[in-house]
Amino acid sequence: MIDAQTKLYGVMGNPVHHSLSPAIHNRAFRQLGWNAVYLAFEVNDLGEALRGIRGLGVRGVSVTIPFKTEVVPLLDKVEGLARKIGAVNTIVNRGGKLIGYNTDRDGALEALEEKMNLRGKKIVLVGAGGAARAIGFGLKERDCHLVVINRSKKKGEGLSKELRCQYLPLFSLAKMKAGELEADVIINATSVGMYPRDGETPIPKGLLKKGMMVMDIVYQPLRTKLLREAKQRGCVTVNGLEMLMRQAAAQFEIWTGRRLEIGQIRKALLRTLGEKPTKTHLAGLKKGKG
Ligand code: ATR
């Protein structure tokens, strides 16, 4: 029941109407019996949106593409990890002061480490925005050998300098021969392949090799072109729900102090997406794993 006591939360992004974050957080509020709602805000002017959050007393906000880095200097305080990464995906409103956090790093790394020990692995990271920064810093802490690939040279080179690793322009992949891209893990941390441009992929199919692990942060569609082609080539795949659920659970904990069960979120999201849980999903649930 929405009434005069209802607390407001939300996600700011653009585009954002495909987001599954409202499904995750509203379900969690309902389960806990909290009088709160979570809405999706398609934002054009970030400064105006932040003024609205302060002015209206919105309690907490998720930040998504394309605002994760842009929001950092506009907040009243940025917690240590988010400051180091230079990206915020979670905002808490404490009495009109907006405080930024980052739960993307742990969300992504937990999703990858469910399937592989990452220490010392060779990783190709596509993207140089907020999500890529969070994942890149996490991988660096595990002594991974990183290559950053990005469309814009400025952002790509900037991130590769901070991570002390190689940079390659995105267009160079199209010129590579089959098998030329060396990697244990390939991660798409861009919006390439996201609905409605779901016929696109950042990695040409010929570069995918059996035994590689391929993760996509895009979850609409769940089976992106990249993941479909990776499966066809015999790669291990990690879909975009895995990072989404984990970063959301961590931000829900920051807002409410309550920990969500990943297996339950997955089951509910797959139902929302009209997907039947596969054997692998169910095995994860049985083990109580995320
Ligand atoms: P966020 O902070 O939420 O990650 P972002 O900073 O806008 O969002 O970053 C989006 C990432 O997706 C960037 O790496 C962007 O590449 P550019 O630096 O060249 O902008 C990448 N990206 C988005 N759309 C793309 C497209 N159509 N082709 C290639 N890369 C794209």
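## Loops, helices and a ligand site

P196 sits in the loop between β10 (185–188) and β11 (213–216); helices (H or I, at least four residues) and strands (E, at least two) are DSSP runs, numbered from the N terminus. This is a predicted model, where local features need pLDDT of at least 70 and side-chain atom pairs pLDDT 80 or more, while totals for chains, interfaces and linings use all residues. Numbering starts from 1 along each chain as its sequence is written, and side-chain values use heavy atoms, with hydrogens and water left out.

Back to that loop: the peptide bond from Y195 to P196 is cis, with omega near 5°. Another cis bond joins N14 to P15, also with omega near 5°, and P15 belongs to the loop between β1 (7–13) and α1.

Two residues other than glycine have positive phi. D143, with phi near 55°, is in the loop between α5 (130–141) and β8 (145–150). R164 has phi of about 50° and falls in the loop between α6 (153–162) and β9 (166–169). How exposed is R164? Its relative accessible area is 71%, so R164 counts as exposed, whereas D143 is partly exposed at 49% (buried is under 20%, exposed over 50%, partly exposed in between; 1.4 Å probe, protein chains only).

Now for the helices. H25 lies in α1 (residues 21–32) and counts as buried because its relative accessibility is 0%. Skipping neighbours within four places in sequence, H25 is in contact (heavy atoms within 4.5 Å) with Y38, S62, A248, Q251, F252 and W255.

Q247 is part of α9 (residues 240–256). Its relative accessible area is 8%, so Q247 is buried too. Beyond residues up to four places away in sequence, Q247 touches N89, T103, D104 and G107. A polar atom of the Q247 side chain lies 3.0 Å from the backbone oxygen of L244. Looking further along the chain, Q247 and A111 are 136 residues apart, yet their C-alpha atoms are separated by 9.8 Å.

Finally, the ligand. It has 17 residues around it (a heavy atom within 4 Å), and the closest are I65, G130, N150, R151 and S152. Here are some backbone-to-ligand distances:

| Residue and atom | Ligand atom | Distance |
|---|---|---|
| I65, backbone N or O | oxygen | 3.3 Å |
| G130, backbone N or O | oxygen | 2.8 Å |
| S152, polar backbone atom | oxygen | 2.8 Å |

On its own the ligand has 640 Å² of accessible area (Shrake-Rupley method, 1.4 Å probe), and the protein covers 85% of that.

Conventions:
Polar contact = N/O pair within 3.5 Å; in protein donor to acceptor, adjacent residues only side chain to side chain.
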